[in-house]
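This report covers a ligand site and a set of charged side-chain pairs. The sequence and the structure are shown first.

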Amino acid sequence: MTDADLRESMLQHLKYSLGKDPGHAHIYDWRVALSLAVRDHIVDPWFKATRATYAGQHKRVYYLSMEFLIGRLLEDAIVNLGLLEQAKSVFDGFDVSFDEVLENEPDAALGNGGLGRLAACFLDSLSTVACPAHGYGIRYEHGLFRQRFVDGRQVEEPETWLTGRHTWEFERPECAFEIGFGGPVMESGRKALWQPEERVIAAAHDTPIIGWRGNWANTLRLWSAQSTRVFDLERFNRGEYAAAAEPEALARTISRVLYPDDTTEQGKALRLKQEYFFTAASLRDILRRFLSEYDDLRKLPHKAAIQLNDTHPAIAGPELVRLLHDEKDIDFEDSVEIARACLSYTNHTLMPEALERWSEGLMGALLPRHLQLIERIDELHARQNPSRKVTVIENGSVKMGELSFVMAHRINGVSALHTDLMKQTVFAELNRLHPERIVNETNGVTPRRWLLSCNPVLSSLIDKTIGNDWVGHLERLSELEPHVDDTGFRDAFADAKAKNKAGLAHFVRDTEGLQLDPEAMFDIQIKRIHEYKRQHLNILETIALWRAIRDNPNADWSPRVKIFAGKAAPGYVFAKKIIHLINDVARIINADPVTSKLLKVVYLPNYNVTLAERLIPAADLSEQISTAGKEASGTGNMKFALNGALTIGTLDGANVEIRECVGADNFFLFGMTAPEVVARRAVPDHARKAIDASPELAGAIADIERGVFSPGDPGRYADIAENLRWSDYFLVCSDFQAYYDKQREVDQVFRDRDRWMRMAALNTARTGWFSSDRTIRGYMADIWSAHSVT
Ligand code: 26Q
């Protein structure tokens with residue numbers, strides 16, 4: 001496709017799809033016109049892929065996820081189709097900025113964090129490796145809330161990604177299913193007949209997902225909820241306008257908004273409705289597609305692999321059994337076997353409070369037939385495994401992790417450490433019964449978005465050095481390794497980093513009005529705010545460093561910029577306090593004339609995929625400092641390392657494997673290991689002991705308590721200080737000194753810029769294994785028995 005073709009196609013869309021004359025077109029119009037022109041180029045490979053899958057009767061993968069944190073799609077599609085140069089030159093021809101056009105696209109923020117972003121990377125990789133697949137999820141009207149700060153406090157605002165035209169999707173009015181809730185279960189002979197009392201329609205919306213080089217495209221099918229009744233004309237005619245629209249509004253609430261919690265908001269009926277709504281619609285769609293080609297449902301496992309992204313779609317187990325047994329008359333035990341052979345489950349957390357449970361009361365009220373089936377699944381499992389006692393239902397609640405486990409033929413963790421801990425802790429008993437079921441599939445990230453597009457300067461250096469094959473074969477980055485000894489390469493690598501840092505400094509100046517020294521170390525922690533992720537450890541170290549600089553301003557300090565970004569769940573009071581504290585600390589430190597050349601603190605609001613794409617390429621240091629044993633994997637850690645940032649981190653999640661890949665010399669390790677964490681917690685007064693042993697920590701906490709960062713309101717952070725002193729479950733105090741000391745070592749190394757750049761370049765050269773293409777190939781081989789179509 002030439003520049004002229006793209007230009008022509010875009011002008012056609014501007015005129016005929018948008019009804020705009022180029023002279024009157026706004027950035028929005030250009031963006032939509034370009035998106036539609038690009039989308040046209042996805043349709044043919046998309047059809048080709050669908051036809052090839054039908055023709056070859058290939059097995060399909062179905063990825064069920066409550067969240068797909070996609071971000072923007074335009075640049076991704078352009079890059080994957082190889083149209084970047086053409087698109088740039090088209091806009092050079094008009095007086096329109098291509099960057100502004102790209103930036104006009106809203107982020108599709110249909111996810112909370114890591115789990116949702118992983119699903120989005122998997123979609124990219126499934127298409128890249130030409131694995132026939134569908135993503136299934138919810139078409140939320142409102143994605144994750146927008147975050148603002150008012151006097152340093154987080155304020156949430158609704159997100160509105162669908163106000164303009166959603167250029168990527170195709171509505172499928174013909175593809176709709178009725179989904180039922182509540183009502184009684186009748187007995188008719190030996191058959192159970194569920195008669196739901198409430199019904200909503202799940203309507204399909206398809207987005208094609210194009211893979212690298214445009215060879216294959218899969219479908220992301222998102223369901224939106226609609227009323228079975230349009231509106232009540234009789235009531236309307238009586239003048240009851242609001243009441244007339246009520247049934248419609250009620251049905252739509254199901255797909256109205258993403259739950260903004262990334263642990264579990266226990267027991268919310270609407271959340272359970274969302275889970276069943278999209279899972280049931282997806283399964284009906286899967287069976288419809290299977291039955292359009294085959295007639296023996298017992299063969300379903302040969303043609304469909306259904307992956308549950310965490311327990312959120314766990315109701316798929318009983319629902320599939322219900323469809324097979326109640327509706328297709330297959331024997332109960334056979335139905336369970338068939339369902340299990342199709343289903344597999346990915347676990348993303350071991351924290352007990354984050355494991356989903358639903359009360360039998362709520363489950364029975366909304367999904368009465370499923371509750372019965374879960375009881376039978378429990379009985380069957382007990383009968384087949386009489387020696388041991390594990391049940392899905394316990395003390396009046398349904399444990400979704402156990403349900404997913406017993407209904408899945410494979411259960412996977414997301415990093416080596418996490419999978420081991422899973423075997424030893426939450427699923428120890430079930431693992432003894434079914435030792436073949438648990439496997440590890442270490443997470444990965446798509447190199448298209450997380451290196452090629454977000455870091456064009458580094459990408460072109462890599463292209464020049466080893467050619468451009470690495471984008472589809474990331475392990476080829478290892479070919480950079482011999483060049484790391486070449487000063488010319490190291491200088492070019494350092495230049496790329498410097499350019500990205502200068503870009504970020506401009507951005508921060510424009511958006512926050514803050515001047516950053518681009519020579520300073522950019523030290524970045526970006527992720528959801530959680531006590532286990534320990535942003536408060538980072539800010540305590542920042543305070544301690546500030547105090548040390550003030551005590552000795554003329555010592556040989558390494559200038560640093562501490563950058564934070566991330567959202568807190570609206571109901572997570574402690575996390576919101578941490579945000580407030582960081583903002584307060586930033587205000588005081590940035591205004592200190594003694595230290596301001598050496599230390600700055602920035603909290604960027606509204607962290608999202610797009611902001612991550614800007615920050616990660618500009619990082620020198622990546623903060624991955626969770627309490628060991630708590631972070632299942634992390635994926636930000638991989639993106640930073642790939643983009644040539646060094647990690648300061650604990651032996652947690654995938655940090656362990658990253659360190660093995662890059663080499664211990666190129667990773668700043670500190671802190672307790674997972675078993676040491678368990679032992680330390682048993683030490684009485686562990687926090688007080690750690691504070692007593694560290695004057696730096698004691699000083700930092702005392703400053704917080706004296707109101708140094710909240711003048712006039714010294715009690716503002718009393719609860720944080722108290723938590724640190726008296727409970728400190730996440731062992732911030734116990735790890736503090738090791739962290740502080742390691743940071744001073746980081747300072748030392750950063751002063752030797754050439755040594756630092758060598759380490760940074762080795763991080764890029766040695767992290768090719770963390771491509772999500774590798775992860776997807778692992779799932780295909782170990783879990784799905786699926787194959788690429790070539
Ligand atoms: C569940 C029920 C009710 C309300 C909310 C939720 C909910 C929503 C999102 C529970 C959990 C999540 C998200 C979890 C998550 O993002 N986990 C992260 O998954 C990543 C991908 O595997 C890992 O890298 C991270 O370590 C893990 O924290």
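The text below describes the ligand surroundings and then the salt bridges of this predicted model.

**Ligand site**

The shell around the ligand holds 21 residues, and those that come nearest are Thr263, His348, Asn443, Glu631 and Gly634. By residue class, the shell divides into nine polar, seven charged and five nonpolar residues. Helix H6 (residues 114-128) supplies three residues, the largest share of the shell.

Polar contacts to ligand oxygen atoms include both backbone and side-chain atoms of the protein. A polar backbone atom of Leu115 is 2.9 Å from an oxygen atom of the ligand. For Ala632, a backbone N or O atom lies 3.3 Å from a ligand oxygen. Tyr532 takes part through a polar side-chain atom, 3.3 Å from an oxygen atom of the ligand. On its own the ligand has 620 Å² of accessible area, of which the protein covers 93%.

**Salt bridges**

The model has 65 salt bridges, counted with a cut-off of 4 Å between a side-chain nitrogen of Lys or Arg and a carboxyl oxygen of Asp or Glu. Side chains of opposite charge can pair when their charged atoms come close. Three of the pairs are listed here.

| Pair | Closest N to O distance |
|---|---|
| Glu240 and Arg238 | 3.1 Å |
| Glu429 and Arg432 | 3.0 Å |
| Arg766 and Glu481 | 2.5 Å |

Which parts of the chain does the pair of Arg766 and Glu481 tie together? Arg766 lies in the loop between helix H32 (753-765) and helix H33 (772-784), and Glu481 in the loop between helix H20 (456-466) and helix H21 (487-512), so the salt bridge ties together parts 285 residues apart in sequence. Arg766 is partly exposed at 26% relative accessibility, and Glu481 is partly exposed at 28%. Elsewhere, salt bridges with shared partners join Asp523, Glu541, Arg560, Lys562, Glu623, Arg744 and Asp747 into one network.

Glu429 and Arg432 sit within one element, helix H18 (residues 428-433), where they are three residues apart, about one turn of the helix. Glu429 counts as partly exposed, with a relative accessibility of 25%.

For the pair of Glu240 and Arg238, is each partner exposed or partly exposed? Residues over 50% relative accessible area count as exposed, and those from 20% up to that limit as partly exposed. Arg238, at 53%, is therefore exposed, whereas Glu240, at 30%, is partly exposed.

Conventions: Residues numbered from 1 in each chain as written. Predicted model: local features only at pLDDT ≥ 70, side-chain atom pairs only at ≥ 80, totals over all residues. Heavy atoms only, no water. Near = heavy atom within 4 Å. Polar contact = N/O pair within 3.5 Å; in protein donor to acceptor, adjacent residues only side chain to side chain. Areas by Shrake-Rupley, 256 points an atom, 1.4 Å probe, with all protein chains shown as cover. Helix = DSSP H or I, 4+ residues; strand = E, 2+ residues; numbered from the N terminus. Nonpolar A, V, L, I, M, F, W, Y, C, P; charged D, E, K, R; others polar. Buried < 20%, exposed > 50% of the residue type's maximum accessible area, 1.4 Å probe, protein only.
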